Amino acid sequence: MNLKLNKLRPLSLGVTNLMRCRLLRRSLAILFVGAGLVLSGPWYSSPAPAQSRTGTPTPSATPPPKPDEQEIDPDDVISVNTAEVLLPVTVRDGTGALVTNLTRRDFVVFEDGVQQTLSDLSLRQVPVDVALIVDASSSVADNLEDFRIAAGGFAAHLGDDDRLSLIQFDDKVLLLQDWTRSLVQFRRALKRIVPGMFTRFHDAMLLASRDQSPRGNARHAIIVLTDGIDSGRGTTFEAAMRAALQSQTTVYVISNTQIERSRKQEELAVLLSASKSALRFNRLRIDDLRLGLSALDQSEVHLEQLTAATGGRLYRPASFHDLEKTYAEVAEELRHQYALYYSPANTKRNGEFRKVRVETPNSAYQVSARAGYYSPKR
């Protein structure tokens, strides 16, 4: 697999090169630690020096992983090495409203069917590192300003200890802004989004999950605006979802599938109502629209699977003008998300997937949590 993610030029991402980059990064970080230099991740070039809230330029903000925290397994997916599991959980009542008054005694967690002992619970006290990803292909290109407004509003809702990064994808994947707490810097990065062609959605999800690593004490979330249709030029959906589970990332998808479906259905209805000669003339376009509608249906199935498995949520706004409201809803959920901690009763370090289930005493509550995680390896 040879994925490309860059700012000005493509960078090869073979497993060997990835390992070499990380070793070099760790060595340089140790050599220059006295000067406070922190290197960015292996799959991008930092677009601009970061700035503090006071406007003073500072180095890029992604710290290199410690040797005992991460390793690269044979299929090039990173496994976090930790003895304690952090499980973000969202609870809603029957009307869909967030439930925010629960305590540790209101949760029961099962891992592979075995009840676990919760060691801690916190609400609105665990910082979150959020990667905002935007599909800059043709389906979104005409409405990028709506995204900029919505994303800027979302950033303003986050806490002082939360961080943001910004990624664009089309025929390549670009990191426009590394982790930052600066709203000014983030909004400047929003202006650097430019329209592109094709849609490497799977590559963007895999790379953001795998390489845009959060802090060790933070929740990790991805919020992506896309129709989820991949151009088939890179990795697979299964690999992208595995990477999200492997990195314990909660994925929220703001899908424009409903917007695209309405547009295609309207155009198709007009073409089908034409004369027989016009039908023959427009046959290729009619077939193309029908294939597009079928692709949207399949895409929504995948997006549902991705968000459900990672404990996130799938939003389907009816208009791009609804983006600001939708992003505000995601920010509200992140602010009222429970963080459950437990040390697994199963202490084996075999890299296997462990299924997780979270329950509350009230059966009317809807509990969202990731389907499980991959245990660390020896």
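This briefing covers one sheet, one helix packed on it, and two nonpolar cores. The model is predicted. Its sheet described here is open and has 4 strands. The largest nonpolar core holds 33 residues.

**The sheet**
- The strand order is β7-β6-β16-β18, and the pairing is antiparallel.
- Strands β7 (114–115) and β18 (372–374) stand at the edges. Each has a single partner strand, so one side of each is left without a neighbour in the sheet.
- Strand β6 spans residues 108–111 and strand β16 spans residues 353–359. The two are joined by 4 bridges in the antiparallel sense.
- Glu111 stands opposite Val356 of β16.

**The helix across the sheet**
- Helix α6, residues 237–246, lies across β16 and β18.
- The angle between α6 and β18 is about 90 degrees.

**The largest nonpolar core**
- Leu132, Phe147, Phe154, Ile223 and Tyr327 have the most contacts inside this core.
- Both helices and strands contribute. Each of these supplies at least two residues: β9 (128–135), α3 (144–156), β10 (163–169), β11 (173–180), α4 (183–190), β12 (219–226), β13 (250–255) and α10 (323–335).
- Helix α3 gives the largest share, 6 residues.
- Beyond its neighbours within four places in sequence, Tyr327 is in contact with Leu132, Phe147, Ala150, Phe154, Ile223, Leu225 and Ile254.

**A separate core**
- Another core, of 28 residues, lies apart from the largest one.
- Among its residues are Trp179, Leu207, Leu245 and Val251.

**Background**
- In soluble globular proteins, nonpolar side chains tend to be buried together.

Conventions
Residues numbered from 1 in each chain as written. Predicted model: local features only at pLDDT ≥ 70, side-chain atom pairs only at ≥ 80, totals over all residues. Heavy atoms only, no water. Pairing = 2+ DSSP bridges. Contact = heavy atoms within 4.5 Å. Axes fitted to C-alpha atoms, helices over the stretch in contact; angles between N-to-C directions. Core = buried A, V, L, I, M, F, W, Y, C linked by side-chain atoms within 4.5 Å. Buried < 20%, exposed > 50% of the residue type's maximum accessible area, 1.4 Å probe, protein only.
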